[in-house]
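Here's a quick briefing to read alongside the sequence and the structure. Have the viewer open and follow along, topic by topic.

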Protein chains: 2
Amino acid sequence: MSTERENEHPASRGGAAFLLAQLGAHAAQRFADRVAELDLTPAQAGLLRLLAQAPGHSQRELADMLGMPPSRFVPFADGLQERGLIERRRKPGDRRVHALRLTDEGMELLARLRTVARAHEEDVCQALSPDEHQQLIGLLRRIADQQQLTPGVHVGYRRLR
Amino acid sequence: MSTERENEHPASRGGAAFLLAQLGAHAAQRFADRVAELDLTPAQAGLLRLLAQAPGHSQRELADMLGMPPSRFVPFADGLQERGLIERRRKPGDRRVHALRLTDEGMELLARLRTVARAHEEDVCQALSPDEHQQLIGLLRRIADQQQLTPGVHVGYRRLR
DNA sequence: TATTGTTATACTCTATAACTATA
DNA sequence: TATAGTTATAGAGTATAACAATA
């Protein structure tokens, strides 16, 4: 029949799981492009955000939260320290640990990062009405909760340089 | 105030873009775990599915569709050919091109792959009612269309081994 | 001369594990 | 002896580009 192409099986576009993977990779890539304009990688942006929420953690703890080995965290943090965005402070009680926190400059960049994130959100969701946008966030949160994903952190940071 | 933690900014959980990236990475990882039980990587599964939909393409064309360089496609297809899942045939008209297609064994594995994909879909969406599930698919497709993503193919295959 | 498929090489990224200092 | 941080190294994965066959 000549209608074969028109009657494509729905699975050819994928179910929700496929669409999530496809759109997730797309959104992550677009975000990477945007933060590159601030000379940041998504992982670096994630660390800045994490330090704003939870300052004073040791490098080892932060490495765990971001899902990367400590050996990789060191040069990763080095880059941000050299740019004056974060600082390492010896913890008075235990001089082995280096507690990390944002500098004033780091907090300024974080503010610009939030602007970028808002623009990114609008870009990705421009197909939806405000109501649908909220509807989508609600559905996605339900899934994320049920799948026991940690709010605000995702392991994709491991791979997306 | 002690209510600070309760009044967390919504952005701490991320908007839709962040949730998509987070859930997308999660769904992709779960899918990778599942297809590993069939001794396949997600990229290999993607090629099998692609060959079922569109048999007879040249390796170069397939490499383009999957977003990988031709040099990488060769050993990638080698593995599947050695397992007897796909076969290369010289195209009669132009003996430079190797047209790829599924073997019978490849089609059998593809059937098992579809079962795995259905289980994966149910797993990821178990937090939602059937109605909500369809609602989510509708919203995601609208976004995917507007963002001009190719149905059925996603570039995450480049990275997810 | 151009194109398909293939191979070789050089480069990036990563994790493992050795090492230093503090405890 | 154990742990935080750091450094070194070896391995995997990748893309670029050279190559052979066919057009």
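In this predicted model, the side chain of A:Gln59 has an N or O atom 2.6 Å from a phosphate oxygen of DNA strand D. That's a good place to start, and the rest of the strand D surface comes next, followed by the chain pair and then one helix of chain B.

**Phosphate contacts on strand D**
- A:His98 gets to the phosphates through its backbone: one of its polar backbone atoms is 2.8 Å from a phosphate oxygen of DNA strand D.
- Chain B joins in too, with an N or O atom in the side chain of B:Arg72 lying 3.2 Å from a phosphate oxygen of DNA strand D.

**The wider surface near strand D**
- There are 18 residues around DNA strand D, and the ones that come nearest are A:Gln59, A:Arg60, A:Ser71, A:His98 and B:Arg95.
- Sugar or phosphate accounts for 74% of the strand D atoms within 4 Å of the protein, and bases make up the rest.
- Sorted by class, this surface has nine charged, five polar and four nonpolar residues.
- Three helices each put in at least two residues: α3 (59–66) and α4 (70–82) of chain A, plus α4 (70–82) of chain B.
- The top contributor is α4(A), which gives three residues.

**How the two chains pair up**
- Turn chain A by 180°, with a shift of 0.0 Å along the axis, and it can be laid on chain B with an RMSD of 0.1 Å.
- The two copies are therefore related as by a two-fold rotation axis.
- Both copies use the same surface, as 98% of the contact residues of chain A recur in chain B.
- Want a landmark for the axis? In chain A, A:Gly24 is the residue that comes closest, with its C-alpha at 2.1 Å.

**Helix α3 of chain B**
- Which residues of α3 (residues 59–66) in chain B are buried? They are B:Gln59, B:Leu62, B:Ala63 and B:Leu66.
- These four sit on the same side of α3(B), because they cover an arc of only 100° around the axis.
- That fits the general geometry: an α-helix has 3.6 residues a turn, so residues three or four places apart point the same way.
- Flip to the other side of α3(B) and you'll find B:Arg60 and B:Asp64 exposed.
- The cover over the buried residues of α3(B) includes α2 (42–53), α4, β1 (86–90) and β2 (98–102) of chain B.
- Right after α3(B) comes B:Gly67, which has a positive phi near 75°.

Terms used: Residues are numbered from 1 along each chain as its sequence is written. Chains are lettered from A and ligands numbered from 1 in the order in which they are written. This is a predicted model: local features need pLDDT of at least 70, side-chain atom pairs count only at pLDDT 80 or more; totals for chains, interfaces and linings use all residues. Side-chain values use heavy atoms; hydrogens and water are left out. Copies are superposed by least squares on the C-alpha atoms of residues with pLDDT of at least 70 in both. Contact means heavy atoms within 4.5 Å. A residue is near a molecule or strand if one of its heavy atoms lies within 4 Å of it. A polar contact is a pair of N or O atoms within 3.5 Å; within protein, one must be able to donate a hydrogen and the other to accept it, and residues adjacent in sequence count only if both atoms are side-chain atoms. Ala, Val, Leu, Ile, Met, Phe, Trp, Tyr, Cys and Pro count as nonpolar, Asp, Glu, Lys and Arg as charged, and the others, Gly among them, as polar. Buried means under 20% relative accessible area, exposed over 50%, partly exposed in between (1.4 Å probe, protein chains only). The arc is that of the directions from the helix axis to the C-beta atoms.
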